[in-house]
Amino acid sequence: MKSLNNEELVNTTGGSLKTFALVAAGIIVFTIGVIDGYLRPKKCR
C-alpha cells in the first residue's frame, strides 16, 4: 500500500459524481411518488 504525502492528500478529489447521482435519483423517485399520489390517490384504511 502506498502512503500519500501532504501534497497528494490535498490534491485528492473524488466521490462527488456518486453523491450527485444519489441525490438526483432521490429527487426523481420523490417526484414520481408525488405525481403518482396526485393522479392515483389511494384511500386510507
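# A tour from Glu8 to helix α2

Begin by selecting Glu8, which counts as partly exposed because its relative accessibility is 30%, a value between the 20% and 50% limits of that class. Keep in mind throughout that the model on screen is a predicted one.

With Glu8 still highlighted, add Lys2 to the selection and display both side chains: the two residues form a salt bridge, in which the closest N and O atoms are 3.4 Å apart. Lys2 has a relative accessible area of 61% and is therefore classed as exposed, whereas Glu8, at 30%, is partly exposed. Side chains of opposite charge can pair when their charged atoms come close.

Now zoom out and show the whole chain as a cartoon, where the secondary structure comes to 2 helices and 0 strands. If you align the view with the principal axes, the C-alpha atoms fill a box of roughly 60 × 20 × 15 Å. Switching to a surface representation, you are looking at about 4900 Å² of exposed area, of which carbon and sulfur atoms supply 66%. How much of the chain is buried? Buried residues make up 0% of its 45 residues.

Next, select residues 16-39, which constitute helix α2. With 24 residues at 1.5 Å a residue, this helix should span 34 Å, and the distance of 35 Å between its end C-alpha atoms agrees with that expectation. Helix α2 is hardly covered, since the count of buried residues among its 24 residues is 0, where buried means under 20% relative accessible area.

Within helix α2, pick out Ile35, which is partly exposed because its relative accessibility is 46%. To get a sense of distance, draw a line from the C-alpha atom of Ile35 to that of Ala21: the two residues are 14 apart in sequence and 21 Å apart in space. Then extend the selection from Ile35 to Tyr38 and Leu39, and colour the surface of these three residues, which together form a nonpolar patch with about 400 Å² of accessible area.

For the last stop, which residue forms a salt bridge with Asp36? Select Arg40 alongside Asp36, and the pair appears with its closest N and O atoms 2.8 Å apart. Asp36 is partly exposed because its relative accessible area is 33%, while Arg40, at 53% relative accessibility, counts as exposed. Showing this pair together with Lys2 and Glu8 brings both stops of this kind into one view, and the count for the model comes to 2 salt bridges.

Definitions and conventions
Residues numbered from 1 in each chain as written. Predicted model: local features only at pLDDT ≥ 70, side-chain atom pairs only at ≥ 80, totals over all residues. Heavy atoms only, no water. Helix = DSSP H or I, 4+ residues; strand = E, 2+ residues; numbered from the N terminus. Buried < 20%, exposed > 50% of the residue type's maximum accessible area, 1.4 Å probe, protein only. Areas by Shrake-Rupley, 256 points an atom, 1.4 Å probe, with all protein chains shown as cover. Expected span 1.5 Å × (residues − 1). Patch = residues over 30% accessible without salt bridge, like charges linked within 9 Å, V, L, I, M, F, W, Y side chains within 5 Å. Salt bridge = Lys/Arg side-chain N within 4 Å of Asp/Glu carboxyl O.
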